[in-house]
Amino acid sequence: MPFPAQRLRRTRRTGGLRGLVRETELSPSDFIYPIFVIAGEDVRNPISSMPGIFQLSINHAVEEAKRAYSLGISGVLLFGIPREKDEAASGAYDPEGVVQLATRAIKDAAPELLVVGDVCLCEYTSHGHCGIVDRELGEVLNDVSLELLARTASTQAEAGVDVVAPSDMMDGRVAAIRAELDREGFEQTPIMAYSAKYASAFYGPFREAAESAPQFGDRRGYQMDPANAREALRETELDIEEGADIVMVKPALPYLDVLRRVRERTDLPVAAYNVSGEYSMLKAAAGNGWLDEERAVMEALTGIKRAGADIIISYHAPDVARWLQK
Ligand code: PBG
């Protein structure tokens, strides 16, 4: 009788068997690729902390979206950088705002590519917070913000987004957005809710890309404490009660335990956001020759899928799709 361990190794050592016994396989269709769309003509600004990622004006965003589509990536997630920011975040819900215009252009160029709209105010407020701020109180006003977030979602739906993704973390936003979408005739537009969104240092590079670093205070009043996992389950349950169609955990790699627990709690699709800082770390190490980029990225992303993600939002998506085609 061979030892059980030997039996395990036989399946590893027999080359052709490895593929058959592999439990987790990445595919380009697992991915949503975030794109930063900036107002203006013919702009292509590199983001220094995210090698390979750019702020793109609409014409370039369309090209990037077409490239993603041709690689078999399921969708793009659009973040907008408006020409001007103000206290009321007007650019977010402007029917001619940068995300709304980009959505129309991308849906024209690649109708089958999913367009997901980021619903948040931080890229549009002059202070960089995710909601409207009462300067005297120095506080984010939850309920006033809800109204504007709901308008942001409905103008995006009007422009043709397939999914709205609220990333703001205001209380009650999923219900507010659902009600507004239904009222405006967008009963069929799903909500992908950032349900477990942690107050994370790994958003640093994104804030450079989206020009959305808060100018005072931080986001700990509305984002979650990294030390808490049970709280994430409560947040997720609330979002589901309010009508979320897909729930998300963000960031991904430091929170794989949370991802797994959310996966076990709900039968809804679960998304994981492999955020900017997670991307930058691997790019930096690979750029220095300290890690094999392809192997490290594939290993990290396979881990996210193995932990339970149905959908992976990642800046690595086009690279992964290319590697998978080989
Ligand atoms: C906005 C938002 C953030 C990210 C997605 N939506 C930043 C933040 O909350 O500060 C981060 C994504 C990333 O780091 O890639 N609310």
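The following exchange concerns a helix, a ligand site and a strand in a predicted model.

Biologist: What makes the span of helix α5 close to the expected one?

Modeller: The expected span is 1.5 Å times one less than the number of residues. Helix α5, residues 98–109, has twelve residues and reaches 16 Å from its first C-alpha to its last, close to the 16 Å expected.

Biologist: Why are certain residues of α5 called buried?

Modeller: The term requires under 20% relative accessible area. Val98, Val99, Gln100, Ala102, Thr103, Ile106 and Lys107 are the buried residues of α5, so each falls under that cut-off. Their cover includes β1 (31–38), α3 (58–70), β4 (75–81), α4 (90–93), β5 (114–119) and α6 (142–159).

Biologist: How do you know that Arg207 and Arg219 make polar contacts with the ligand?

Modeller: A polar contact needs a pair of N or O atoms within 3.5 Å. A polar side-chain atom of Arg207 lies 2.6 Å from a ligand oxygen atom, and one of Arg219 lies 2.8 Å from a ligand oxygen atom. Both distances are within 3.5 Å, and therefore both pairs qualify. The protein covers 100% of the 400 Å² of accessible area that the ligand has on its own.

Biologist: Why are β11 and β12 called paired strands?

Modeller: Pairing requires at least two bridges. Four bridges join β11 (residues 270–274) to β12, so the requirement is met, and the two strands run parallel. Ala272 stands opposite Ile312 in β12.

Biologist: What makes β1 a partner of β12?

Modeller: Two bridges join these parallel strands, so they satisfy the requirement of at least two. Ile32 has Ile313 in β12 as its bridge partner.

Definitions and conventions. Residues are numbered from 1 along each chain as its sequence is written. This is a predicted model: local features need pLDDT of at least 70, side-chain atom pairs count only at pLDDT 80 or more; totals for chains, interfaces and linings use all residues. Side-chain values use heavy atoms; hydrogens and water are left out. Buried means under 20% relative accessible area, exposed over 50%, partly exposed in between (1.4 Å probe, protein chains only). Contact means heavy atoms within 4.5 Å. A polar contact is a pair of N or O atoms within 3.5 Å; within protein, one must be able to donate a hydrogen and the other to accept it, and residues adjacent in sequence count only if both atoms are side-chain atoms. Accessible areas come from the Shrake-Rupley method with a 1.4 Å probe; for residues, only the protein chains shown count as cover.
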